[in-house]
Amino acid sequence: MTSHILKSYDQELDELKTMVSQMGGLAEEQLDKAMRALHSCDFDLVDEVVASDVQLDQMERDVEQLSMTMFARRAPLADDLREIVAAIKMTTLIERMGDHAKNIGKRARDMALEGPFTVPPLLDSMANEAKMMVSNVIDAYVRRDADAAVDVWEHDEHLDSLHSAASRDILSRMMDAPETMNFMTHHLMIAKNLERIGDQATNVAELVHYAITGRELDQRNTTSAPSITDDA
Amino acid sequence: MTMATVQTPPKISAQGVNVFYGDTHAVDNVSLDLYQDEVTALIGPSGCGKSTFLRCLNRMNDTIADCRVSGQILLDDEDIYASQIDVVQLRARVGMVFQKPNPFPKSIYDNVAYGPRIHGLADTREDLDEIVAVSLEKAGLWDEVKDRLDHLGTTLSGGQQQRLCIARAIAIDPEVILMDEPCSALDPIATAKVEALIEELKGGYAIILVTHSMQQAARISQKTAFFHLGQLIEFGDTTQIFTSPTSGRTRDYITGRLV
């Protein structure tokens, strides 16, 4: 795709894209820190996770502001319109990912205060999967790679399976050792947080696909060939 | 139970239209169906052939000495370039509004009454008064000029003059209205009034609008055709064209990239 005749328009779109990808990176890092805090009971890490959430909220507002300015000044159409609408919606989803990561961090602190505990391995598997989905979908967005967005979208099923397995595992541990019920309840909620992060990454993948191709990504249409027919 | 879809025939069907100005191939094999009750926007960079194509639809190009048109343009299935066609009658059925408001140097009343008079549409003065009043009402101008119908049309503001020209066009009860950048000389308020008028009129006519304003095309048309270098590159629903065009050239043009 060629550049806009107005260079400042390209600069604003680049700025928007940078802000969204930075938000994605921050959410991924926040999730990583939240899981490390869970293992290490490190309250400083929890504080960092909570602080990141405030930063994500501010970045979401910044993206909204820039998008509003671009709507008013540029009257965007076609790919530009889809790009800006997708950016606004993506930042809302990424901000929610941050909320879930923050919840995990807060639970890490609550559990640490209650006493020693072991993190079920399936929670780590879920977290790794969710982090990979977040990372890959942001890469797909930056590289404008619709196929990579489809890959992320298709991966959600795997995370859902892990969530079911983790929930069963945690419930089983709870029945085996009823005295761990508090911890296990926290673990169940963390599993749910991770599953929701995966859902949000999946929704971001749909937006990335739409922004690139102009077509909805749903059960009936998983192809990702570009809709434009005569690009150079 | 399945519902049968009734396909309305096009009001105008252009089939393989080519236009040459001397050796210059201005419109290149364009086929396009235009429907009653719809506004179709023709967009594209200057010199892309959109205005030339528009002017073919009521044979305005006949007045240009070295202009040659081939292909077919059917109005209600009748070839408008057939030898038996009365061009004056054709232009009564297919009216035109130009870029620059061009009222006659006559009174507001006479500007609107001119067409009905020469086409014999009114038997009495009362009939003519009725046509003038209804046309000005349809053009959204009646309330602004009803007390000064004897004033010169040229004394009106630019936006009022353009609506007077639209009233003049609809006074002879056309079936199709061609508009060649009708708002390019108007301020945003006058533009909004003309666009509101086009929206109201679309129920009774096929309206074909040439515009350089992407926002105007997006606001008021149901279909959009993108022309480039004389060719029709893309034609489709306006929403689809402006959100997800299928041609890279359409995308580049409407988003302000070099085509």
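Me: How many residue pairs are in polar contact across the interface of chain A and chain B?
Reply: The rule finds nine such pairs, both residues being at pLDDT 80 or more, where a polar contact is a pair of N or O atoms within 3.5 Å, and within protein one must be able to donate a hydrogen and the other to accept it, while residues adjacent in sequence count only if both atoms are side-chain atoms. This is a predicted model, in which local features need pLDDT of at least 70 and side-chain atom pairs count only at pLDDT 80 or more, whereas totals for chains, interfaces and linings use all residues. Residues are numbered from 1 along each chain as its sequence is written, chains are lettered from A in the order in which they are written, and side-chain values use heavy atoms, with hydrogens and water left out.

Me: And how many salt bridges are there between chain A and chain B?
Reply: There are two, a salt bridge being a side-chain nitrogen of Lys or Arg within 4 Å of a carboxyl oxygen of Asp or Glu. B:Arg251 forms a salt bridge with A:Asp79, with 3.8 Å between the closest N and O atoms.

Me: New topic: which residue does A:Asp32 form a salt bridge with?
Reply: Its partner is A:Arg36, with the closest N and O atoms 3.3 Å apart.

Me: Is A:Arg36 buried or exposed?
Reply: Neither, because its relative accessible area is 41%, which makes A:Arg36 partly exposed; buried means under 20%, exposed over 50%, and partly exposed in between (1.4 Å probe, protein chains only).

Me: Which residues are linked in a network of salt bridges?
Reply: In chain B, such a network links B:Lys11, B:Asp76, B:Glu78, B:Arg93 and B:Glu175.
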